[in-house]
Amino acid sequence: MSAPRSPSLRRSDAISVTEVRNALRCPRLFTLGRSTGKTVLFPVASSALGATFHRLIERFSRSLDTPPTGVSSLPEGTSAEALRRALICWILDDHLVPELERNELYARAPGEVDDLAEALRQFAAFLADRAATMAGRPAAALLRLVARSELVLESVIDLATIPGSREGAGVIRITGRADALFQDDHLAPEIVEYKLTSSENALLDLAQVALYRRLLRDVQGVEATPVVLRFEPELTVTRADAADADRLVERRILPLIRDMVRWLDEPGQTPATDRLDICNACPMRGPCREAHPGRISARDAATPSPLAPTPDGLIIAAPRRVEPLLDAKATPSPPLPQGGSARPDAPIVDGDRQGDTESQELEAMILEEFKRRGVSARIQKRIISARLIRIEMSVPPRSSLKHLDQHAEDVCHHLASRLGDPKLQPVYESEEGQRVFIAPRRQPRAVELGVLLRRGEEWLGKRPGRFVVGEGLEGAPVLGDLSDGATPHLLVAGQAGSGKSVFLRALVLGMTAYHPPSLLTMVLVDPKLVTFTDIEERIGAHLASPVLNDVEEVLPKLDELVDEMQRRYELFKQKKVQDLHQYNEVVPAEERLARTIMVVDEFADLLFVKSSRAPFLQAIQRLGAKARAAGIHLILATQHPTVKMIPGEIKANLGGKIALRVSSAVNSRVVLDTSGAEKLLGAGDLIADLGRGPVRAQAPLA
Ligand code: SF4
């Protein structure tokens, strides 16, 4: 094996808090960031909205000493509600609107702008509620409350004080910029970070703000409470205990900083992340492979992207163990909402000549429209999926993509009028340097469950719990696996007309296709009596009980599953095995246990009723955490993916997320942590995130 190549690092006596945060995620992000001179943004897609939000908040905070009359004239004792209204007007009218007017690109991202506006409203309301409890006129209280914004912090740490340091290790400067320092009349000072990324990063956020607390104490002697304000876009406030934050710094962050200094000298020694799931989304994956060719662990190589087709042309949307079927090469996940894998040899599905004709017509019209505007454009590739046509554009050498961007919106409008149906209007997207037109097909092609099952048969038939999600953009089946640790349970959301019921039926029928009732049983709950109407005739032997139509029957069933889970753990203990799969391998065939899957359509009904809400959430938590190994799985579906209907207890415990069309970007974020599902076409068009990022697919008809 060749010796690792050591990237040459720019030596420095300072480490930034962002670098520490990156190193907590993966140490190599730190050394690779240094060696390439790049700022590593991770997660990649989190930057644009977050940067705008931070910029607006910063401007707003700096303008607090010159408030508009609507705020400065408010007397002492103004109600929180009145102050909230005044602040929201101020922040939206004086800060957001000018920002939107300055840059016409915002007009192309209405979902993101909605989220941004909502996050700003939440911020204004938060400040108003706090300031209303403080003494003096609201304007003065606000100025005191937001004592500092964009607070630059820098402290020197003596490495010798950190256990395990080498002799003569010297000192290191730690630099950072905290978002704000709040000074409420009633509370200790607060060092505050604003976050727009999802709560998956909560521990990193906490570590970051804990380190800011330490720097602030070193520099100014101020003991501040670490606070994270997370806008998703609804606001969640997390206040860390100061003692816990200090312990985190002492036990985790300072030793890491000690090691980071060492890795500056010996970058080849920088270890890879322990996390199984982040390499495929890592912006440094390429440089990482180059810098550590002999040191990428088997795990690094064995976690293909959800969009990496297997040799059979399948797309496995869930992460899984290494199996010979898999292709270890990875391709980057596509951005939402119109993502698709870019396989140059994308086949036209047999018999889809109609799609071929439609796409050729669309191509010709696009080129013609650009030509009329004096812009040279080329077609790079086209992909015809069951519902969409995707046309990737390029420009001739020495031409600029900027010209495409400038005229694309106009081209889209004209195409809609030429096609004679506004619903067929293409959208134009810029995806990591690629320019793409995506248009709904005039005559969609039906996707058949039977066809997808046959194409995925070998993989699906190997283990109960594997399932078909749908057909991916390039025609390959998109598959998932409940026996995988990242996706033991599923959350399915879609408004009326989204195709949720059809999807659930296909999911259930597909799961039972290759496995006998002795190895796979199902409990189906259908309170609306529309989803599983004729299913008993089709898969009756796989049903543990008749389809349940009364949500009140769900709670006893969940209790039974919890008991069964405990019973199975006892059996596993006796046989000294870890999970259902191992157990079934060591016992005689007649003692094997069936994987049990409970599908609840419209679980929200259980949350509406006060008496069932708490026991339901409790059971979900118990099953969510431990049932995967026991082979007991939940698939919960809802038409109403709101924060209220999908509380944290549910979201945190259901690994796999499948969003069909939902009514707003906010709802999309509730399910997927990103917008996009609000733009889906309905009738089975979906985005699945089964632990490896979003994959778009069309649900099959069963
Ligand atoms: S590819 Fe994986 S190991 Fe390499 S820097 Fe990225 S996260 Fe770390």
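# Chat about a sheet and its salt bridges

Me: Hi! Which residue in β11 stands opposite S430?
Reply: Hi! S430 stands opposite R435. Keep in mind that this is a predicted model.

Me: Noted. How do β10 and β11 pair, and over how many bridges?
Reply: They run antiparallel to each other, and the pairing covers 5 bridges.

Me: What's the strand order in the open sheet?
Reply: β8-β9-β11-β10, so four names to remember, with antiparallel pairing.

Me: Which are the edge strands?
Reply: β8 (378–384) and β10 (427–431), each of which pairs on one side only. From one strand to the next, the twist averages 25°.

Me: Which strands does α12 lie across?
Reply: β8, β9 (388–394) and β11. Its angle to β9 is about 40°.

Me: And α13, which strands does that lie across?
Reply: α13 lies across β9, β10 and β11, running at about 15° to β11.

Me: Back to R435. What does R435 form a salt bridge with?
Reply: D405, and the closest N and O atoms are 2.7 Å apart. R435 sits in strand β11 (residues 434–440) and D405 in helix α13, so this salt bridge ties together parts that are 30 residues apart in sequence.

Me: Are R435 and D405 buried or exposed?
Reply: Both R435 and D405 are buried.

Me: Which residues do salt bridges that share partners join into one network?
Reply: E368, E369, R372, R373, D410 and R418.

Me: Let's zoom in on E368 and R418. How far apart are the closest N and O atoms of that salt bridge?
Reply: 3.3 Å. E368 belongs to helix α12 (residues 353–372) and R418 to helix α13 (residues 401–419), so to speak two distant parts of the chain, 50 residues apart.

Me: Why does E368 count as partly exposed?
Reply: Because its relative accessibility is 39%, and partly exposed covers the range between under 20% for buried and over 50% for exposed. R418 counts as partly exposed too, at 36%.

Me: Changing topic: how many salt bridges does the structure hold?
Reply: There are 48. One of them brings the side chains of E154 and R173 together, at 3.1 Å from N to O. This pair also links distant parts of the chain, with E154 in strand β2 (residues 146–158) and R173 in strand β3 (residues 171–182), 19 residues apart.

Me: What's the relative accessible area of E154?
Reply: 40%, which makes E154 partly exposed. R173 is partly exposed as well, with 29% relative accessibility.

Me: Great, thanks!
Reply: Any time!

Note on methods
Residues numbered from 1 in each chain as written. Predicted model: local features only at pLDDT ≥ 70, side-chain atom pairs only at ≥ 80, totals over all residues. Heavy atoms only, no water. Salt bridge = Lys/Arg side-chain N within 4 Å of Asp/Glu carboxyl O. Buried < 20%, exposed > 50% of the residue type's maximum accessible area, 1.4 Å probe, protein only. Pairing = 2+ DSSP bridges. Axes fitted to C-alpha atoms, helices over the stretch in contact; angles between N-to-C directions. Contact = heavy atoms within 4.5 Å.
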